[in-house]
Amino acid sequence: MSLLELINVHKAYAGVEVLHGVDLAADRGEVIGVVGANGAGKSTLIKILAGAERMSAGELRIDGEPVALANPHDAHERGIRTVYQELTLAPELTVTENLLLGRFPRERGLIDWRKAHEQAAALLHEIGFGAINPRSRAGRLSVARQQMVEIAKALVVEPRVLILDEPSAVLAGSDLDALFALVRRLSDRGVLVVYISHRLVEVLDLATQIVVMKDGAIIATTTPAHTDEDELIRLMAGRRLEQIYPDRRPHRHEPGPGSREPDPRGRVRRHRPDRPRG
Ligand SMILES: Nc1ncnc2c1ncn2[C@@H]1O[C@H](COP(=O)(O)OP(=O)(O)O)[C@@H](O)[C@H]1O
Ligand SMILES: [Mg+2]
């Protein structure tokens, strides 16, 4: 049974449909790389997973059980944490305060700051971001380090599903290495990571499953072993697959009309390849 399953998910904004029936299944420990051009629907998809947007139709299942996420709090309760592209830290607060807000260690009712900083330092160290000083004001850190604190914040309580929307956009060098190592470690521990990136090399490096979105639909699902940068670019741009690749596992539910039908040659999963653009 999949940890996470989206079944025929639709989303409309003010009557205009932007997701046209998305199906996705992912297990513990997977790293799902989500790629697609601007406007393909990646952020909308993860906002639905994050409880930040409600789907217009369709179903989300966790451990096979249908769940409704009314808001981000519901998603947190289910162990789904999301790190958005936009920074959400309070710039005037320290890294420790940003990380532990709402869960400060207390001593006879008062916040035990020494302990709080220790906890924050231990978390940062554990996730490989030990270069960040927990006593720094968040607003004084580089954008890269702020992004890393955002990620740390999502890991204060270890999630079951961690969604990262363009996490590497502002990272470089050793910070990027630390992020990759972290994603691998989380995956090894069984966390399902959904990794959105326009850097295809990263996705090919990290992902266990690659999902290509275009015009509000998943148009292909593949794996790093079965594709390459050129093909992903072609898919994102909408050119047809010339080659077909093996499916990774059996389908676990009835496919909706036009989606996830096994290829007659039994090889690739293409999703709604003939959907008109727009
Ligand atoms: N709040 C919104 N209201 C109306 N349309 C939106 C909203 N958010 C996204 N869209 C539209 O939905 C489509 C998918 O957007 P998005 O999910 O942000 O794509 P991506 O993250 O892949 O760039 C786009 O056409 C975008 O304009
Ligand atoms: Mg986006």
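**Salt bridges, cores and a ligand site in a predicted model**

Colleagues, I begin with a single residue: R199 is partly exposed, with a relative accessible area of 27%. Its side chain meets that of E202 in a salt bridge, with N and O 2.9 Å apart. E202, by contrast, counts as buried, at 5% relative accessibility. Elsewhere, E126, E158 and R189 are joined into one network by salt bridges that share partners. I should state at once that this is a predicted model.

Let me now give the overall inventory. The protein has eight helices and 13 strands. It comprises 278 residues, of which 51% count as buried. Consider next the contacts with a sequence separation of 6 or more: 65% of them involve residues 24 or more positions apart.

I return to the charged pairs. How many salt bridges does a search of the whole structure find? The search finds 10. I shall take two further examples.

One of these is the pair R160 and D63, whose side chains meet in a salt bridge at 2.9 Å, N to O. R160 belongs to the loop between α5 (143–153) and β9 (161–165), while D63 belongs to the loop between β4 (57–62) and β5 (65–67), so this salt bridge ties together parts that are 97 residues apart in sequence. Are the two partners buried or exposed? R160 is partly exposed, with a relative accessible area of 33%, and D63 is also partly exposed, at 37% relative accessibility.

The other example is local in sequence. R114 forms a salt bridge with E118, and the closest N and O atoms are 2.9 Å apart. Both residues belong to helix α4 (residues 113–126), and because they are four residues apart there, about one helical turn separates them. R114 counts as exposed, at 58% relative accessibility; E118 is partly exposed, with a relative accessible area of 44%.

From charged side chains I turn to nonpolar ones. In soluble globular proteins, nonpolar side chains tend to be buried together. Here, the largest nonpolar core contains 48 residues. Which of its members touch the most others? They are L99, F129, L164 and Y195. Helix α6 (residues 173–188) supplies the largest share of this core, namely seven residues. At least three residues of the core come from each of domain 1 (4–79 + 159–270) and domain 2 (90–156). Apart from this core lies another, of 29 residues, which includes I46, I48, V67 and V161.

L164 merits a closer look. Setting aside its neighbours within four places in sequence, L164 is in contact with V83, I151, L179, V183, V193, V194, Y195 and I196. One of these partners, Y195, is itself among the four core residues named for touching the most other members.

Two individual positions illustrate buried residues of other kinds. Q209 is in strand β11, which covers residues 209–214. Q209 is buried, at a relative accessible area of 1%. What does its side chain meet? The side chain of Q209 makes a polar contact with the side chain of E30, at 3.0 Å.

The second position is P105, in the loop between α3 (95–100) and β7 (106–107). P105 has a relative accessible area of 9%, which means that it is buried, since the cut-off is under 20%. Beyond its neighbours within four places in sequence, P105 is in contact with L100, L110, I111, D112, K115, A116 and Q119. The last of these, Q119, is 14 residues away in sequence, and the two C-alpha atoms are 8.8 Å apart in space.

I close with the ligand. Which residues are around ligand 1? They are Y13, V18, A37, N38, G39, A40, G41, K42, S43 and T44. Three of the atom pairs deserve mention. For G41, a backbone N or O atom lies 3.0 Å from an oxygen atom of ligand 1. For K42, an N or O atom of the side chain is 2.8 Å from an oxygen atom of ligand 1. For T44, the corresponding side-chain distance to an oxygen atom of ligand 1 is 2.6 Å.

To recapitulate, the model is a predicted one, with 10 salt bridges, a largest nonpolar core of 48 residues, and a ligand surrounded by residues that include G41, K42 and T44. Thank you for your attention.

How values were computed. Residues are numbered from 1 along each chain as its sequence is written. Chains are lettered from A and ligands numbered from 1 in the order in which they are written. This is a predicted model: local features need pLDDT of at least 70, side-chain atom pairs count only at pLDDT 80 or more; totals for chains, interfaces and linings use all residues. Side-chain values use heavy atoms; hydrogens and water are left out. Buried means under 20% relative accessible area, exposed over 50%, partly exposed in between (1.4 Å probe, protein chains only). A polar contact is a pair of N or O atoms within 3.5 Å; within protein, one must be able to donate a hydrogen and the other to accept it, and residues adjacent in sequence count only if both atoms are side-chain atoms. A salt bridge is a side-chain nitrogen of Lys or Arg within 4 Å of a carboxyl oxygen of Asp or Glu. A nonpolar core is a set of buried Ala, Val, Leu, Ile, Met, Phe, Trp, Tyr and Cys residues joined through side-chain atoms within 4.5 Å. Domain bounds come from an automatic or database domain assignment. Contact means heavy atoms within 4.5 Å. A residue is near a molecule or strand if one of its heavy atoms lies within 4 Å of it.
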